[in-house]
Amino acid sequence: MNKNASPATEIKCPHCETLFTIDEAEYADIVQQVRTLEFESELHARLAEAEKSKRAEIELAEAKITQQAQKAAAEQDAVIQSLKAELGKAATLQELAVTKAVSTAEKQLSEAQNLLTLQKAEQAVKDAALRESHSKELDLKDELIERYKDMKAKLSVKLLGETLEQHCETEFNRVRSLAFPHATFGKDNDASAGTKGDYVFRDFSEEDVEYISVMFEMKNEADLSGSTKKKKNSDFFAKLDKDRKEKGCEYAVLVSMLEEDSELYTGITDVSHVFPKMFVIRPQFFLAIIALLRNAAQDTILVKAELEQVKKQNIDITDFESELEEFKSGFGRNYDLAKRKFDDAIKDIDLAIDRLQKVKDGLLGSEKNLRIANDKASGLTIKKLTKSNPTMQAKFAELEAPEEEDAA
């Protein structure tokens, strides 16, 4: 054993409790090892604890940072959401405003279109109604014109296929049995006085007293065709008055178709200012003048009967004749008023015919102008348009040339 060796030390194993001897150097070495192990263990523990603490701090820092980041993110999200909400609200308000404006505009446009459609429909209805009214009015005017013409034709009595004398005789005989049962109407064949009228009318009371007599003269344009000069009604007044007096007739009536366009001789015309008790009538008033004169004279039947009796008794009848003439004069005045109204009615008919004819002519004239314009438009051709334009004629000739070559 080495003298310089350290004293031995016994160490007991804590596990097996075995005693073994180690020297000081070994002991120191073991102690050193133990210390080193404890230090390292402690160091590792401390390092582990520091690492853990560091990790914990890092974990806390990260959590804090994460929390702060989450908070910041949440705040940012809140701000973004708020901005989005504001933006959405603004967009919604704008969209609503735009939608409202568009809706209003569409509504106004729809109303305008509906109004326009309604106006067009109303205008179409008005146009159709106007056309229908125009057509009906034209038809009505045509009908009225034809009616007035027919009425005037009847008033004019064209006497187709018969003479004026035959017409008057036929008209009288047609109503003789009912209207004039005691009257006579026939040709004046008595030429003893040198002249004679055409027909004489006389009517008698039931007591066979003559109370009315009329000398008739009939004049028709066709009956005077051999005359070189066109006759007037006044040309026959003197002879008619002479015939009336010579045949003892009270009235004289000229039934005339002369002067058809005269505004004076339109119905019953009193010409007693030229010759007494004379009238000029159109043929359609033949029966009317007889009825007027006969009915007025009927009131004198009794007077005339008494007058005849007085004459037979050679009594002065001057007063009776004066009263009779006064009565007849009064009748003449009343008759003149009635005749004027009748003449005015005939004139109104003629004026109505003229007015309706003018309206019809105006309507037909507008239709004629429209037809002429349509014919002009239908007859419009390129050749007519380029007739006075050599340049355009040349251009169209160039266009037609290739077509002719292709056809060849």
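1. Which residue in strand 8 is the bridge partner of aspartate 270? Look across to phenylalanine 279, and you have it. Before you go further, keep in mind that this is a predicted model. The two strands involved here, strand 7 and strand 8 (residues 278-281), pair in the antiparallel sense over three bridges.

2. Now zoom out to the sheet. Six strands make it up, in the order 3-4-5-6-8-7, and the sheet is open with mixed pairing. Strand 3 (184-187) and strand 7 stand at the edges; each has a single partner strand, so one side of each has no neighbour in the sheet. From one strand to the next, the twist averages 20°.

3. Two helices pack on this sheet, so have a look at both in turn. Helix 2 (residues 164-179) touches strand 3, strand 4 (199-204), strand 5 (210-219) and strand 6, and its direction makes about 160° with that of strand 3. Helix 3 (residues 237-246) touches strand 5, strand 6 and strand 8, and its direction makes about 150° with that of strand 5.

4. Strand 4 deserves a closer look. How many of its six residues are buried? Six of the six are, so strand 4 is largely enclosed by the rest of the structure. A bit of background helps here: in a regular strand, side chains alternate between the two faces of the sheet. In strand 4 both faces are covered, with Tyr199, Phe201 and Asp203 buried on one side and Val200, Arg202 and Phe204 buried on the other.

5. Next, the partners of strand 4. Strand 3 and strand 4 run antiparallel and are joined by four bridges, with threonine 184 standing opposite arginine 202. Strand 4 also pairs with strand 5, again in the antiparallel sense, over six bridges; here phenylalanine 204 has glutamate 210 as its bridge partner. The hairpin of strand 4 and strand 5 has five residues between the strands, and in it aspartate 208 takes a positive phi near 65°.

6. On to the rings: the count comes to nine aromatic pairs. One of them joins phenylalanine 180 and phenylalanine 201 edge-to-face, at 5.8 Å centre to centre and with 80° between the planes. Phenylalanine 180 sits in the loop between helix 2 and strand 3, while phenylalanine 201 belongs to strand 4, so this pair ties together parts that are 21 residues apart in sequence. Phenylalanine 180 has 3% relative accessibility, so it counts as buried, and phenylalanine 201, at 1%, counts as buried too. Both belong to a cluster linked by ring pairs, made of Phe172, Phe180, Phe185, Tyr199, Phe201, Phe216 and Phe286.

7. Remember phenylalanine 279 from the start? What about its ring, and that of tyrosine 251? Their centres are 6.4 Å apart and their planes are at 40°, so the pair is tilted. Tyrosine 251 lies in strand 6 and phenylalanine 279 in strand 8, so the pair ties together parts that are 28 residues apart in sequence. Both residues are buried. Tyrosine 251 also has the charged end of lysine 277 over its ring, 5.6 Å from the centre.

8. Last stop, threonine 266. Is this residue buried or exposed? Its relative accessible area is 11%, so threonine 266 is buried. You'll find threonine 266 in the loop between strand 6 (251-256) and strand 7 (268-270). Leaving aside neighbours within four places in sequence, threonine 266 is in contact with Arg282, Gln284, Phe285, Asp343, Ile346 and Asp350.

Conventions
Residues are numbered from 1 along each chain as its sequence is written. This is a predicted model: local features need pLDDT of at least 70, side-chain atom pairs count only at pLDDT 80 or more; totals for chains, interfaces and linings use all residues. Side-chain values use heavy atoms; hydrogens and water are left out. Buried means under 20% relative accessible area, exposed over 50%, partly exposed in between (1.4 Å probe, protein chains only). Contact means heavy atoms within 4.5 Å. Two strands pair if DSSP finds at least two bridges between them. Axes are lines fitted to C-alpha atoms, for helices over the stretch in contact, and angles run from 0 to 180 degrees between N-to-C directions. Rings of Phe, Tyr and Trp (its six-membered ring) pair if their centres lie within 6.5 Å; planes under 30 degrees apart count as stacked, over 60 as edge-to-face and the rest as tilted. A charge sits over a ring if NZ of Lys or CZ of Arg is within 6 Å of the ring centre and within 35 degrees of the ring normal.
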